[in-house]
Amino acid sequence: MSQDTDSYLELSDDPVRFEPVNQLTNVFFDDTNKDVFTVRSGGVMGVVVKGPSENNKPLNFRMEDRGSVLSIKLSLDRKVLAVQRTNTSIELMNFNGDSLESEYSISCKKNSNILGFIWSNLNELAIVTDHGIELYTVIPDKKSLKQLKSISVTVQWFVWCPKNKIAILASAHGSQLQPVSIKQGCINKLHKVETESGRMALERDVTLATLYNVPAVLILRHQSGPQTAEVHVHTLTGPGLAPVKAHVLKLGLAGRFAINVVDDLILVHHQASRSSQIFDISLPGESDGTVKYHTMVAPRSSFKATSISLPGLVEPQAHDCELYSPNWVVFQPNIVIDAKLGCLWHINLSLLQLCNQINDLSICTQVALKRSNGKPVLLKLLLKTINQNQPPLDKLQEAFNHINFVYRDWVEMELQSQSGSPPNAPFPKKTIPRVLIDQSTMYEEIFQKMEADLSKTERVLVCYLASLAEYGIPAQLNINTLIVSTLVRQNKFTALQQLLQYGVISDMKPLASLLVSLGNMHPSSTQMALDMLARLNASEEIQEILLSEGQILSALKIAKDKADPRKYLTAAQNSGDPTLLHSVLYYFRNHPKFSIVLQNDQRLHTFINEYNDIFSTSEV
Amino acid sequence: MGGMNKEIELQSFFIFNSAFGPKEGDLEGDQLKKILYYYPSTDNTRVQEDNVGLVEGIVQFTQTFNPSSPVSSLHTSKLRQLYFQPEPDFWVVLTLTLPIVTKVKENATSVEYLEEDLQDNVYEAALKQAYYMYRLFWGTFQNTLDKNDLDTLKLRMEIFFTAYLKSIKISNLDILTIFGGIQYLPLDRQTFLNIQCFVNFIESKWNYIAHTAFLYNEHIIWSGLEPNDMQMIYQYLTGTLLPANVETELQGGSMPRNTASPFISLHHGRFITGPTNLKQAKTIGKVPKVYLFSQGQVREYHLVVYRALSATVCFFIEGKTELALNDFKALDEFINPKLSSIVNDIAEYCSKQVVTPSSTPETPKFIYFNKLNLAYKSSVHLDNKHTGNVTCNKDSLRVMSDMKHTNSYLGLDGENIVKTTNDYWVFSKTSNLREFYIVLQQKNASLIGISEEVKRLCETELDRIFFHPM
């Protein structure tokens with residue numbers, strides 16, 4: 001088990017504090033609004049409601065004691081309080097922010113027992129009984145309820161997911177799991193969760209979560225005998241949101257577990273070993289064609305030690321919280337409550353610590369690319385890997401491939417949104433990848449920051465270029481320039497030549513200019529520059545190079561009709577070669593277009609005069 | 001006696017250093033001492049002494065006229081002699097007999113020596129290459145003298161040059177010998193990059209590997225060496241090492257035909273210098289050392305060559321490194337699986353390339369050479385083994401060598417067109433430090449027609465580079 005120092009799991013350092021459970025005080029948690037209710041003496045001594053953040057102002061009110069409270073929840077807009085004290089009815093009270101006002105109630109159908117209730121929507125209350133679900137709309141002004149819908153189904157217990165508004169109704173001791181969606185006044189039965197027939201499940205072993213925007217049912221499966229427990233992940237991805245058993249998480253342990261989800265990573269806490277495992281269903285795993293089998297992403301870890309301050313005799317004292325305490329109750333997605341201690345924590349994941357514990361850079365990259373705060377961590381990790389003495393180039397390339405896979409999709413989407421749709425069409429909604437590392441980012445955050453080892457820079461750059469090429473992404477000018485300058489600084493013109501020859505370095509005019517400027521370092525750079533310009537059809541630039549090398553006639557041949565007579569005559573004059581002046585002048589004189597220019601442009605007559613001086617002829 | 005024709009033949013090849021002979025004026029001293037190597041050994045010592053003495057005389061005599069540029073060749077009516085002084089006082093000399101045609105005219109036969117059919121620049125290049133090849137494996141002559149002694153030097157020369165002279169096909173040398181060029185394999189960017197990454201992985205993992213070269217068949221894909229160094233390595237590989245190994249591979253000597261089980265993945269790769277059979281090897285076997293000179297100083301490397309399927313990977317390992325059998329095993333384990341997939345990609349790319357339609361005598365043939373990376377391409381030569389297997393007549397090739405000689409006066413760009421007696425047109429153009437030679441055979445063609453034809457060929461063959469406009 002890992003030490004505290006490198007633990008990647010921690011509890012929020014500002015837990016929501018509430019009055020702990022005792023003989024007089026009951027504590028309830030509403031996982032829809034994430035409210036903690038502390039009810040003293042059935043409400044007579046006051047009810048305190050604390051939101052999920054310690055910053056929120058707690059609500060305080062009193063209510064009459066009409067027996068012990070079984071369940072208590074505020075409506076989504078916090079204007080109606082619903083309290084269940086019996087198995088047959090729910091009391092409703094309008095709440096003005098300070099105190100409760102009017103009271104009304106609703107009873108379920110005869111012979112039914114209420115298992116629980118849900119604020120499924122604004123002013124929509126769903127009551128789950130052992131005979132089914134009754135859905136009501138609440139009209140606070142009229143202090144009345146109106147039934148919207150009901151379904152009949154046998155229910156022993158249920159689990160609700162407020163995010164996806166899906167409930168799982170269990171019957172036959174959890175061997176029958178029926179998902180229903182409760183939305184906008186409707187109740188829809190979905191396909192049953194297909195489990196091995198007769199395999200029972202307890203309420204605490206079924207978790208509803210959202211993984212990568214897809215609702216999922218997670219079922220803990222304890223195994224008999226020497227086998228260890230598994231978590232079966234049924235994603236609601238089939239037709240009509242039918243659950244599909246898509247993943248199995250191999251826990252490698254037995255005993256009591258609890259599940260949370262942080263940033264689409266599944267955390268499985270194990271009480272006996274006081275440690276947690278972490279799984280990512282998006283990682284590749286062994287597959288039998290339909291189900292992927294996953295093992296944990298990183299070694300098991302415990303939470304970092306945490307403490308709260310408790311009032312002491314003289315001054316507050318720090319109290320170390322017991323981790324994995326038997327008093328812990330977990331709620332989705334990432335909430336841990338210790339009711340005896342009066343604390344509600346959120347679980348935080350330190351991605352950097354997690355990545356530090358994954359030895360394989362490729363897996364690490366895949367994990368980081370899917371995390372909401374992954375970008376700085378991934379960049380840090382890449383830089384650290386590259387700055388190693390002997391960076392694992394093959395792993396780096398795999399990492400680049402994962403990065404560029406995401407990048408390529410983004411580039412393609414950008415292109416489509418620019419060109420594909422007609423001008424008036426609504427702009428297609430872009431889903432920005434969680435972690436996008438484009439060439440500019442690579443350039444600024446990696447290549448500019450990596451240690452100055454030229455041969456290493458060259459190798460890493462080639463790796464990156466290979467990956468870009470693999471995904472068909474053209475390299476930007478700054479990346480191309482960097483590889484050229486890295487090779488030149490090592491005097492590796494032969495290598496540069498080969499990279500150009502095989503098209504690794506793209507043809508761009510600024511690169512050609514760079515190569516021209518290197519002409520005095522190696523004769524091949526002028527050749528490479530001219531080749532590149534020829535491929536770009538940049539005849540003007542070619543003319544300039546030829547002129548600067550004194551190849552006036554060659555330049556003139558390329559210029560064709562677009563030559564500037566003055567420029568060429570000046571160059572010929574400066575060459576000090578009378579025959580060259582003769583050739584250029586005669587070329588212009590015999591050219592239908594330029595002969596007129598030659599006659600009319602006064603400035604050109606100096607050349608004619610000079611020519612006449614040299615050759616002593618009277619006419620040109 | 002019928003019409004007897006003879007091609008160019010090697011008459012003698014010798015190396016001498018006057019400093020080892022008797023002092024000037026000492027006429028009684030042993031003249032033979034200055035001769036370090038002499039071929040053929042059948043020439044008696046008298047002939048050897050005379051020949052060397054003659055060269056000494058010519059060298060000294062010509063030096064009085066032009067001390068800065070030593071004499072390079074001697075033309076006689078029957079012989080041609082070429083001189084090369086690679087190191088101070090060491091002279092390497094090649095003597096050739098001119099080709100002969102025997103003509104019968106009015107019952108009288110006359111022998112004619114074809115002086116114009118032997119191009120100095122071709123054989124100067126051959127002479128220099130002989131020395132450079134020696135130097136590649138043994139370093140400079142002086143190096144052996146400094147580290148060993150005169151007898152060792154003589155022994156090394158004896159072993160090396162006797163074998164080398166047997167291997168060169170004197171009469172088939174042509175303009176390609178002057179270039180000493182390298183053939184590169186056209187390849188797609190992705191596969192090239194994969195090879196680059198593969199090479200980088202290896203070089204970063206085994207950092208005593210200073211350079212790597214990657215070949216597919218006889219074509220280079222990647223070379224980490226400077227072209228001047230690669231030039232000799234390339235000739236050694238394609239001329240000696242690889243052909244010898246291809247033969248053993250074809251005989252099934254190294255690759256067992258029947259593996260124990262068809263399911264065992266085939267292990268294709270093996271070292272062809274070093275431990276050639278890794279499973280049974282107890283020592284690292286023979287790894288040649290090479291001396292490279294291009295970067296201003298001599299550098300010594302072990303040349304380890306690995307071959308799998310048609311790919312050849314050459315590793316240049318720092319000369320000071322002690323090689324161990326385990327290094328080879330680790331290298332093999334790393335390379336073998338990766339190389340197989342790379343070779344598949346290359347083979348796939350190559351098979352997709354359009355095969356040029358079978359050439360007829362009318363299709364123009366060309367030779368391309370880039371001075372800067374020594375790349376050449378030839379549709380004149382059907383192989384690069386100097387077998388004389390060419391698609392145009394030898395006259396045209398000789399014209400090319402002559403043009404190559406005169407082109408050096410043309411400056412940065414220039415053109416040359418020659419029409420030979422038998423309707424061959426030879427065209428040459430230099431541009432942007434590249435040379436392009438074209439041979440066409442067309443009856444009754446005009447200069448304009450030929451120019452058009454040449455222009456078309458330039459456009460199809462040279463579209464990716466800058467070539468001076470015609």
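**Exercise 1. In which loop of chain A does A:P333 lie, and what is the form of the peptide bond that leads from A:Q332 to A:P333?**

Begin by placing the residue: in this predicted model, A:P333 sits in the loop of chain A that runs between β30 (328-331) and β31 (335-338). Then turn to the bond before it, where omega is near -5° for the step from A:Q332 to A:P333, and the bond is cis.

Chain B offers a further case for practice. The residues B:Y39 and B:P40 are joined by a cis peptide bond with omega of about 0°, and B:P40 belongs to the loop between β2 (35-39) and α1 (45-63) of chain B.

**Exercise 2. Find where A:R274 and B:N217 lie, and decide whether each is buried, partly exposed or exposed.**

First, locate A:R274, which is found in the loop between β24 (265-270) and β25 (275-279) of chain A. Its phi is near 50°, a positive value in a residue that is not glycine. Next, count its neighbours: 15 other C-beta atoms lie within 10 Å of A:R274. A residue needs 20 or more such neighbours to be buried and 12 or fewer to be exposed, so A:R274, with its 15, is partly exposed.

Now repeat the steps for B:N217, whose place is in the loop between β8 (209-216) and β9 (219-223) of chain B. Here too phi is near 50°, positive although the residue is not glycine. Because B:N217 has 15 C-beta neighbours inside 10 Å, B:N217 counts as partly exposed.

**Exercise 3. Describe how strand β11 of chain A is paired, and into what sheet it fits.**

Start with the strand itself: β11(A) covers residues 114-121, and six of its eight residues are buried, which leaves the strand mostly covered. Its partner is β12(A), residues 124-129, which runs antiparallel to β11(A) and is joined to it by six bridges. To see the pairing residue by residue, note that A:W119 stands opposite A:L125, while A:F117 has A:I127 as its bridge partner in β12(A).

Next, follow the chain from one strand to the other. β11(A) and β12(A) form a hairpin with two residues between them, and A:N123 in this turn has a positive phi of about 60°.

Finally, widen the view to the open sheet, in which four strands of chain A pair antiparallel in the order β11-β12-β13-β14. Its edge strands are β11 and β14 (144-152), each of which pairs on one side only. On average, and with direction ignored, neighbouring strands of this sheet are turned by 25° against each other.

**Exercise 4. How many residues of helix α2 of chain A are buried, and which are they?**

The helix α2(A) spans residues 361-369, and eight of its nine residues are buried, so that it is mostly covered. The buried residues are A:L361, A:I363, A:C364, A:T365, A:Q366, A:V367, A:A368 and A:L369.

**Exercise 5. Describe the side of chain A that touches chain B.**

Begin with the contacts, in which 31 residues of chain A meet 27 residues of chain B. Then ask which helices of chain A take part: α4 (393-420), α6 (454-470), α8 (493-501), α10 (523-535) and α12 (552-559) each supply at least two residues to this side. Of the contributions, that of α10(A) is the most, with eight residues. Last, sort the side of chain A by class, which gives 15 nonpolar, 10 polar and six charged residues.

Terms used:
Residues are numbered from 1 along each chain as its sequence is written. Chains are lettered from A and ligands numbered from 1 in the order in which they are written. This is a predicted model: local features need pLDDT of at least 70, side-chain atom pairs count only at pLDDT 80 or more; totals for chains, interfaces and linings use all residues. Two strands pair if DSSP finds at least two bridges between them. Axes are lines fitted to C-alpha atoms, for helices over the stretch in contact, and angles run from 0 to 180 degrees between N-to-C directions. Two residues are in contact if their C-beta atoms, placed from the backbone, lie within 7 Å. Ala, Val, Leu, Ile, Met, Phe, Trp, Tyr, Cys and Pro count as nonpolar, Asp, Glu, Lys and Arg as charged, and the others, Gly among them, as polar.
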